[in-house]
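Hi,

Here is the structure I promised to pass on. Have a look at it first, and then read on for what turned up in it.

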There are 2 protein chains.
Amino acid sequence: MVEVSGSAPSPRTQRAGQRPGGTGPRVTKRRAETRERLLAAAFGVFAERGFGRVGIEEVCEAAGYTRGAFYSNFDSLDELFFALYEQQAGHTLAQVNEALAGASADEGLPALIDRVVNALRIDRTWVLVRTDFLLHAARNPEVAAALIRHREAMRETVQPVVRDMIDPAAMPPGLREPQALTAAIIDIHDAAAAKLLLEPDLTALRPWLRDLLTALLSPSR
Amino acid sequence: MVEVSGSAPSPRTQRAGQRPGGTGPRVTKRRAETRERLLAAAFGVFAERGFGRVGIEEVCEAAGYTRGAFYSNFDSLDELFFALYEQQAGHTLAQVNEALAGASADEGLPALIDRVVNALRIDRTWVLVRTDFLLHAARNPEVAAALIRHREAMRETVQPVVRDMIDPAAMPPGLREPQALTAAIIDIHDAAAAKLLLEPDLTALRPWLRDLLTALLSPSR
DNA sequence: TGCATCCGATACATCTATGTATCGAAGCAG
DNA sequence: CTGCTTCGATACATAGATGTATCGGATGCA
């Protein structure tokens, strides 16, 4: 059903290609370029119209190619969508990593919360695409597995910081394990992001998230 | 673009119909039946395949009709989707109303939380359809307006209970207004529901929601 | 029961999307 | 520069979805 192999460069019509030594496809400069532009175009088109309503030609047109280029790089829209998600999710993860890099236990909780809140990728188009992908995953177990894998990676990135900064004893029952607590924080982040879909005003978003995290994490009121 | 008039019975080809007195269409028994079955079938098909990937014929086939029946009752899939959402959202609202009906301040907070948690409509198909609708709304301002309206109605249903049961002074800053607090509770509910999409195991869901609400609402730990 | 009306099935025309086969052109190796 | 490989455009064949016009049967009312 859905190709989950994913991030392979996937040269499609491998007629003769691939020189004997087992090294990758021979020509690669132009190919990488068009692949990139196809992904970028797909991002925009998916955000605007929704994955389900987008056709292959639409993506190609937005990228300045014809369908020939598409079929040379991907097998299906599903595959492109998957590659796009992996690319963007990786980007997001790197961003969070960077934002949390300098965290130290001395800063105190409010500073950490600020740090997290400011690391938020408040990009409505990304939320649109990501939610579309979530629905896609909800209907395709193999895609879901990849999505869950990525959520795990995100949790593992955030968890050490949470563990260092928060006193488990001060947390309510059920959230005393750093694992569960971190997961809850990420879930709340997701809920905040979802609010962007209906209310594009992002000035209200950061305070909302800050308030909720503060309410959840502050031992004293 | 999208007909938002919505819930009108909308007799399509109103050739001659509608007797002079201004009363509705004359024949109505069979019509109501097929409309209902079309909606029910659409619910299933949308949940399974996603709004964007569903065609009109698919809905009709699932309902046991042909496209003739569809075009006699709706103008477009968008219109049917809208009607479907209103129907189901109304149903959900009624359910919450009922669950909260007997709430009294004597019960105490844990009992209220249990009440809320148990009122949850843990229906994965409904979450699928609802999320699809959310995305649909995110891309169509008029649909978004209707969705926001419904969220308001939900908040107004829940708010009196929250106001009676919770001491604002015990809440963290930013959530002291019953309005904001109630909205946050509903948002958390939505986040919980979204978890159903990736992890269909609903036994884990209720505890998760209970823990989070408890953490948020309990003045003392 | 008879009749005027409406509902939904059928058939048709149109439009769009998909996938494949083929070919000229660009890119890289020697 | 030359020749070979690959990329991506073009053209074609096919499949599916949409909307409309029309018709027979069902339905409600007198």
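In this predicted model, the side chains of Arg151(B) and Asp187(B) form a salt bridge, with 2.7 Å from N to O. (A salt bridge here is a side-chain nitrogen of Lys or Arg within 4 Å of a carboxyl oxygen of Asp or Glu.) Arg151(B) sits in helix H7 of chain B and Asp187(B) in helix H8 of chain B, so the pair ties together parts that are 36 residues apart in sequence. (Helices are DSSP runs of H or I with at least four residues, strands are runs of E with at least two, and both are numbered from the N terminus.) Arg151(B) is partly exposed at 28% relative accessible area, while Asp187(B) is buried at 7%. For those words, buried means under 20% relative accessible area, exposed means over 50%, and partly exposed is in between, using a 1.4 Å probe and protein chains only.

Helix H7 of chain B has another pair for you: Glu152(B) and Arg155(B) meet in a salt bridge, also listed with its N to O distance, 2.7 Å. They are 3 residues apart in that helix, so about one helical turn separates them. Glu152(B) is partly exposed at 35%, but Arg155(B) is buried at 9%.

Over in chain A, Glu107(A) and Arg115(A) pair up through their side chains at 2.6 Å, N to O. Glu107(A) is partly exposed, at 31% relative accessibility, and so is Arg115(A), at 22%. There is also a network of salt bridges that links Arg130(A), Arg151(A), Asp187(A), Asp190(A) and Lys195(B). Over all chains the count comes to 20 salt bridges.

Now for where the chains meet. How many salt bridges cross the interface of chain B and chain A? The rule finds 4. In one salt bridge, the side chain of Arg139(B) meets that of Asp132(A) at 3.2 Å, N to O. On the chain B side, H6(B) gives the most to the surface that touches chain A, with 8 residues. By class, that side has 26 nonpolar, 5 polar and 12 charged residues. (Ala, Val, Leu, Ile, Met, Phe, Trp, Tyr, Cys and Pro count as nonpolar, Asp, Glu, Lys and Arg as charged, and the others, Gly among them, as polar.)

The contact takes 43 residues from each of chain B and chain A, where contact means heavy atoms within 4.5 Å. About 3,300 Å² is buried between the two chains, and carbon and sulfur atoms give 63% of that. (Buried area is the accessible area, with a 1.4 Å probe, that two parts lose on being put together, summed over both.)

Asp132(A) deserves a look of its own. It lies in helix H6 of chain A, residues 124-138, and is buried at 10%. Leaving aside neighbours within four places in sequence, Asp132(A) is in contact with Phe46(A), Gly50(A), Phe51(A), Phe81(A), Leu135(B) and Arg139(B).

As for chain A overall, it has 9 helices and 0 strands, and 46% of its 221 residues count as buried.

Some housekeeping: residues are numbered from 1 along each chain as its sequence is written, and chains are lettered from A and ligands numbered from 1 in the order in which they are written. Local features need pLDDT of at least 70 and side-chain atom pairs count only at pLDDT 80 or more, whereas totals for chains, interfaces and linings use all residues, and side-chain values use heavy atoms, with hydrogens and water left out.

Cheers
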